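Here are a few exercises to work through with the model open beside you. Try each one before reading its solution.

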Amino acid sequence: MKRLLIVILVAAALWAGYWFIGARTATANFEAWFAQRSTEGWVAENSGIVTRGFPNRFDTTISDITLADPDTGVAYTAPFLQIFALSYKPEHLIAVWPTTQQLATPFGAIGITSTKMRTSLVVDASSNAAIERSQFEAMEMALAFPDGREAKADAVNAAIEKLPAAQAAYHFGLDAKGLVLPQPAALKLQTGDLLPDALERARADVTMTFDAPWDLDALQSRRPQPTRIDVRLIEARWGQLDLKIAGALDVNTQGQPTGKLTIKAQNWRDILTLAVASGMLPEQMERPIDQGLSLLSGLSGNPKTLDLPLDFANGRVFLGPIPLGPAPRLVLR
């Protein structure tokens, strides 16, 4: 019995020593990361880094965060960020954000509020901590833009998983409920009884391949750039309108996409009616556009469904043979 007690006491002492060394290491690593960013010309400030959670967790709180990357013009401020890890499984992290944050870009500052926002993140054991999988959850999330517009959602769930046997290919999933998107600044859209203000649901199932993995280097230096986007399904349900997008795009080193996306719209006449009612479309144009779209929808075999093929080539977007304009450049800053 005495020997067993000694063994227990020795094991407890060793575990306590391991925890205190791990806690000091965790704090030191975060402090070193902030210091390294400062030497690279970033604004990287905080008012304190503390690690608690004895005996089974490393719970690190970073207070009064200010980060700004001069190369991209992106800055982030928050009153705190909490990062939790099990002491026996440090590669599995949980990050908890405050209810108010701010993200500044070259286009203006975005205020972020939520009642709950957290991420579960599993990284590999290498020094670069490449993402293996991650899950994001936010409740009553809102983004306030500089021009007064706002985007919000009742609930957002997202997931990322690195594909096996692929260096930098990731599967993305998104499910947003009660999503309200910002209206164009020049348009005050009043939907009335035509459509509800919020999308009932928005979903995405997309696989993206990048030119480099998402790891610490992606945050500290150059962002990985997309080389291919496979859209299995992007779906949005807005009242009676059901929009679906599928297809694939290759992306060159300049961020120009090449490929094809197909947009399927059910009950598309609701959108046409809405466009006229809101003043986006002159009333005299409703009939000829309705006739043209009716012809296209008839080709699909269902007059309530409209299939629109979008082709991306030579830096431009085409609806069939009709040029629509320049294609967006897919470059991550």
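**Exercise 1.** Find out which aromatic ring arginine 57 lies over, then do the same for arginine 149.

*Solution.* Keep in mind that this is a predicted model. Start with arginine 57: it sits over the face of phenylalanine 84, 5.4 Å from the ring centre. Next, go to arginine 149, which lies over the face of phenylalanine 145 at 6.0 Å from the ring centre. The cut-off for such a charge is within 6 Å of the ring centre.

**Exercise 2.** Work out how the rings of tryptophan 33 and tryptophan 42 are arranged, and do likewise for phenylalanine 210 and tryptophan 214.

*Solution.* Two values do the job: a ring pair is described by the distance of the centres and the angle of the planes. Searching the whole structure turns up 6 aromatic pairs. For tryptophan 33 and tryptophan 42, the centres are 6.2 Å apart and the planes meet at 80°, so this pair is edge-to-face. The cut-off behind that call is an angle over 60 degrees. Now check burial: tryptophan 33 has a relative accessible area of 16% and is buried, and tryptophan 42 is buried too, at 10%.

On to phenylalanine 210 and tryptophan 214, with 5.6 Å centre to centre and 90° between the planes: edge-to-face. Phenylalanine 210 is buried at 7% relative accessible area, whereas tryptophan 214 is partly exposed at 26%. Finally, widen the view: Phe210 and Trp214 belong to one aromatic cluster with Tyr170 and Phe172.

**Exercise 3.** Is alanine 169 buried or exposed, and which residues does it touch beyond its sequence neighbours?

*Solution.* First place it: alanine 169 is in strand 11, residues 169–179. Its relative accessible area is 7%, which is under the 20% cut-off, so alanine 169 is buried. Leaving out residues up to four places away in sequence, alanine 169 touches Glu161, Lys162, Leu163, Met208 and Thr209.

**Exercise 4.** Trace how strand 7 pairs with strand 6 and with strand 9.

*Solution.* Begin with strand 6 (residues 100–105) and strand 7 (residues 108–113): they run antiparallel, joined by 6 bridges. A hairpin of 2 residues connects them. To check the register, look at glutamine 101, whose bridge partner in strand 7 is isoleucine 112. Then turn to strand 9 (residues 131–144), which pairs with strand 7 in the antiparallel sense over 3 bridges. Here glycine 111 stands opposite alanine 144 of strand 9.

**Exercise 5.** What do the salt bridges of arginine 223 and lysine 116 connect?

*Solution.* The whole structure holds 11 salt bridges. In one of them, arginine 223 meets aspartate 69 at 3.2 Å, N to O. Arginine 223 lies in the loop between helix 2 (216–220) and strand 13 (226–238), and aspartate 69 in strand 3 (residues 57–69), so the bridge ties together parts 154 residues apart in sequence. Both partners, arginine 223 and aspartate 69, are buried.

Now for lysine 116, which forms a salt bridge with glutamate 137, the closest N and O atoms being 3.4 Å apart. This pair links strand 8 (residues 116–123), home of lysine 116, to strand 9, where glutamate 137 sits 21 residues apart. Check the exposure: lysine 116 is partly exposed at 33% relative accessibility, and glutamate 137 is partly exposed at 25%.

Terms used
Residues numbered from 1 in each chain as written. Predicted model: local features only at pLDDT ≥ 70, side-chain atom pairs only at ≥ 80, totals over all residues. Heavy atoms only, no water. Phe/Tyr/Trp six-rings, centres within 6.5 Å; stacked < 30°, edge-to-face > 60°. Buried < 20%, exposed > 50% of the residue type's maximum accessible area, 1.4 Å probe, protein only. Lys NZ or Arg CZ within 6 Å of the ring centre and 35° of its normal. Helix = DSSP H or I, 4+ residues; strand = E, 2+ residues; numbered from the N terminus. Contact = heavy atoms within 4.5 Å. Pairing = 2+ DSSP bridges. Salt bridge = Lys/Arg side-chain N within 4 Å of Asp/Glu carboxyl O.
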